[in-house]
Amino acid sequence: MQTVFQIINENYTLNYMLTAKETRESFKAFFASRQHQIVPSAPMVIKGDPTLMFTNAGMNQFKDVILGNAAVKYARVADSQKCLRVSGKHNDLEEVGHDTYHHTMFEMLGNWSFGDYFKKEAIDWAWEYLTGVLQLAPDRLYATVFEGSPAEGLERDTEAAGYWANLLPETHILNGNKKDNFWEMGDTGPCGPCSEIHIDIRPEEERRRVSGAGMVNKDHPQVIEIWNLVFMQYNRKADGSLSPLPAKVIDTGMGFERLCMAIQGKTSNYDTDVFQPIIRQIGVFTGFTYGEDRQRDVAMRVIADHIRTIAFSITDGQLPSNAKAGYVIRRILRRAVRYGYTFLERRESFMYRLLPVLIDTMGESYPELAEQKTLIEKVIKEEEESFLRTLETGIRLLDKKTAEAKSAGKEVLSGIDAFTLYDTFGFPLDLTELILREYDMTVDVEEFNVEMQKQKERARNAAAVETGDWVVLKEGDSRFTGYDFSESEAVILRYRKIKQKNKELYQIVLDQTPFYAEKGGQVGDTGWLVSDCGTIAVIDTRSENNLAVHLTEKLPADLTATFIARIDKEKRLQCECNHTGTHLLHEALRETLGAHVEQRGSYVSPESLRFDFSHFQKLTDEELRKVERLVGEKIRSDFKLEEHRSMPVAEAKKMGAMALFGEKYGEEVRVVKYGGSVELCGGTHLPSTGMIGTLRIISESSVAAGVRRIEATTAGYAENYFFIQQDIIRELRSLVNNVPNLIQTIRKSIDENADMKKQLEAYARERAVQLKKEIMAHAVERNGIKVIRYTGNGNVDFMKDVAFQIKSESKERFAFIAGLSDCSKCTLMVMLSDGLVDEGYNASGLVKDAARHIQGGGGGQPHFATAGGKCIDGLPAAIEAVLESLGLN
């Protein structure tokens, strides 16, 4: 069998169908032969860009180059990029599994030119690759070009149309509107017309009957876009106007999964060798065969898609959680679990067992999958099991809400209740509707949508940032001087106004700055910009697209002045203590627990440090003490900082420097070394470890399956922590008359308290039995029902025990009604016999109706319910209302 490289070098002689792996390599080889630098995929999880959580397009890793914040290293680049689209503008999540071509995680094949070639080469090479290398039928291809926008003064892209006319008949060159054929990075920034390539993979007979031209961009599953060629030639300003880009950019992106579908003669991405091995394995685990049932097919597609997203997210350092990017990943995982639960009858975790087949299909191109296999499996398994428990809890709650609605004669579940199930238990609306159909009920969809919109508005308002245009005062690049200096002479290169949470702030970029911009877990510096015109406080420094942005509450009076940029040295020193301590902690953990320990995340502030690492069980007290002792030894050894600022990454790894998964490194890296600790790190650090003084571990906990977290503090904050512990011990001693053996005394008090508690519980049980006898002695029978009443002071839990004793001992029909008062509060309690419940009576409904008399509310189960209120005088009326509803007054 020929290799893809041989295919390209032999005039595209292709005698067999390419596999997905071969297709990916053929793309890289084709553009490598046209002097493109082949670069690795960036992580799917984005760091350092406040506008994005995930890589949603191949251009994301080149955003700083396109924006002019970084120098062009290679004028021509190509790659295969892992992408994720589930939120924001590109929200494809709800489509995934239901159609044949939408995905959460997908690969984007792309080629770029930064100020080198432009439209002609981009179009010619795209055509050559598709029809020459891959030998796709030219008559099945269509190209769209931007039709123009008179409102913006933009004419039709006749240049691109002219190049296409050399390759395609006029009937296959179609005009596209601004929505489809004018690409924009965001509300502001680089943009330009684009040319999409679509393929018609319908059967010949259908193609002869109906032309594909009329189906382009009409959401037909077999007339689809496979490649988008973006010609960036404008810059969109905050006022909406366009200006020419100084250096034009080519940015192309081709959907890998769709391309494989076209090459392999399939009509669904899921029928290609990208997904079929995973789907077949799902069938093995579930006992179902793909293609036999529509709903089960959807479930299998959902799981096959989502397992890829979840696995790659974990390898890139993003664990499922309840916040931001972690919440998105958890939502995707739970969607897959829910489909398996509902349609594949899976009541136990199984998705984690799909990892070997995923590694087999994608591990060669993405070796991080195999390297992180154990962690991925443990995280997915724990998340699956946790959500399966949550599903069971949610179903019980839904059963309860359904019973309450039925007892009240309602056939429609409240949209608010449905939204609570969605928001708290991860129940999508369609699952709630599915379960309700079993009860011949529906849900108030309109009310649900109102609640959903409220949540979206809350999220949108919390995250909304209005950003103005950059005002450029001086051209140039910004240089970081903070490794060597705490202050630098600087001028302002550019600034802009932003508005966040109705507060106006300013972002300032300096030509050189000692301010460390928040990155790699270390918080940004604060400080001052000092000039003859006054002093401006810098309240934070952030990294945006590789650019250090200084945040201020006002602008200097003279923007063209020369400033002294001065950091808060005390805050920086504390950060350096904690950051250096983090390195020593990492090394000590590996020495104590083993080489499997790897950093999974960190946070460094002046007050404390937080370090997440891979380990599969809770650390013992002895292990934590050993880690602290080892760190202490390294601090006292006073290792000097050995820094290599521009070391080739291969050489750094030979030194023993550990590369962190989820981080993208350039060809040259910064290496920080203290004794045996060698790390790739861009943060700021101490000249020597002795300056830390001491490190104290505050807590150790679990973050996710296979990931532990240590929180610690150093230097002066560690001393304060120690003093607080001393004060606590001193206070405890004073409480027990300064006895010599504090622990023994406390343990004795605890044991004595436990004995007294047992005695009180025994007394309470005796008293409950006695009170039950007294209450039953005054019971009366009405209409064949024994009516048992009690009013007076009492503890609710105590009276509940009495009520359940009565129920367990009574075989006849009875109703127990109690009115309890306690200071300014009161409680109404109702217990019904099983016979009355079977007749249709509901204790929960009874207390809800009667609660108005005590100015309160409540509920419960059909056989037992309580209501609390603040109107004690209304208890008699509430009891009478219950009796009246039962027909017993």
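How many bridges join strand 2 to strand 3? There are 9 of them, and the two strands run antiparallel. Please keep in mind as you read that this is a predicted model.

## Strand 2 and its partners

Let us start with strand 2, which covers residues 76-84 and is mostly covered itself, with 9 of its 9 residues buried. The burial holds for both faces of the strand. On one side you will find R76, A78, S80, K82 and L84, and on the other V77, D79, Q81 and C83. Notice that the buried residues of strand 2 include R76, K82 and D79.

Strand 2 has pairing partners that you can trace in the model. Strand 3, residues 105-114, is its antiparallel partner, and here D79 of strand 2 stands opposite G110. Strand 1, residues 37-38, pairs with strand 2 in the parallel sense over 2 bridges. In that pairing, Q37 has V77 as its bridge partner in strand 2.

## V45, a buried loop residue

V45 sits in the loop that links strand 1 to helix 3 (63-66). Is V45 buried or exposed? V45 counts as buried because its relative accessibility is 7%, and the cut-off for buried is under 20%.

Strand 2 comes back into view here: the C-alpha atoms of V45 and C83 are separated by 8.9 Å, although the two residues are 38 residues apart along the chain. If you set aside neighbours within four places in sequence, V45 is in contact with M53, F54, S313, D316 and Q318.

## Two nonpolar cores

In soluble globular proteins, nonpolar side chains tend to be buried together. In this model, the largest nonpolar core has 122 residues, and those with the most contacts inside it are Y129, L130, W164, W227 and M351. Helix 10, residues 294-315, gives the most to this core, contributing 11 residues.

L130 is a good place to zoom in. Not counting residues up to four places away in sequence, L130 touches Q135, L136, L141, I197, I226, W227, M254 and L259. Apart from the largest core lies another one, of 26 residues, with A588, L624, L630 and I697 among them.

## Helix 11 meets helix 14

Two packed helices are described by the angle between their axes and the distance between the axes. For helix 11 (residues 324-343) and helix 14 (residues 373-407), the axes come within 10 Å and cross at roughly 65°. This crossing is right-handed.

Which residues make the contact? Helix 11 brings R330, L333, R334, V337, R338 and Y341, while helix 14 brings I380, E383, E384, F387, L388, T390, L391, E392 and I395. Sorted by class, the contact has 8 nonpolar, 1 polar and 6 charged residues.

## A three-stranded sheet and helix 18

Further along the chain is an open sheet of 3 strands, in the order 25-26-27 and with antiparallel pairing. Strand 25 (642-648) and strand 27 (677-680) are its edge strands, each pairing on one side only. From one strand to the next, the twist averages 25°.

Strand 26, residues 668-674, pairs with strand 27 over 4 bridges in the antiparallel sense. One pair to look up is V671 with its bridge partner L680 in strand 27. Helix 18 (residues 569-593) lies across strand 26 and strand 27, and runs at about 115° to strand 27.

## Three residues worth a look

E345 and A715 make a nice pair to inspect. E345 has a positive phi of about 60° although it is not a glycine, and A715, also not a glycine, has a positive phi of about 55°. E345 lies in the loop between helix 11 and helix 12 (355-362), whereas A715 lies in helix 21, residues 715-735. Their surroundings can be read from the accessible areas: E345 is exposed, at a relative accessible area of 56%, while A715 is buried, at 12%.

Finally, turn to Q276. This residue belongs to helix 9, residues 276-286, and is buried, with a relative accessible area of 15%. Leaving aside neighbours within four places in sequence, Q276 is in contact with Y270, D271 and Y290.

Methods. Residues numbered from 1 in each chain as written. Predicted model: local features only at pLDDT ≥ 70, side-chain atom pairs only at ≥ 80, totals over all residues. Heavy atoms only, no water. Buried < 20%, exposed > 50% of the residue type's maximum accessible area, 1.4 Å probe, protein only. Contact = heavy atoms within 4.5 Å. Pairing = 2+ DSSP bridges. Axes fitted to C-alpha atoms, helices over the stretch in contact; angles between N-to-C directions. Core = buried A, V, L, I, M, F, W, Y, C linked by side-chain atoms within 4.5 Å. Left-handed = near helix turned anticlockwise from the far one by under 90°. Nonpolar A, V, L, I, M, F, W, Y, C, P; charged D, E, K, R; others polar.
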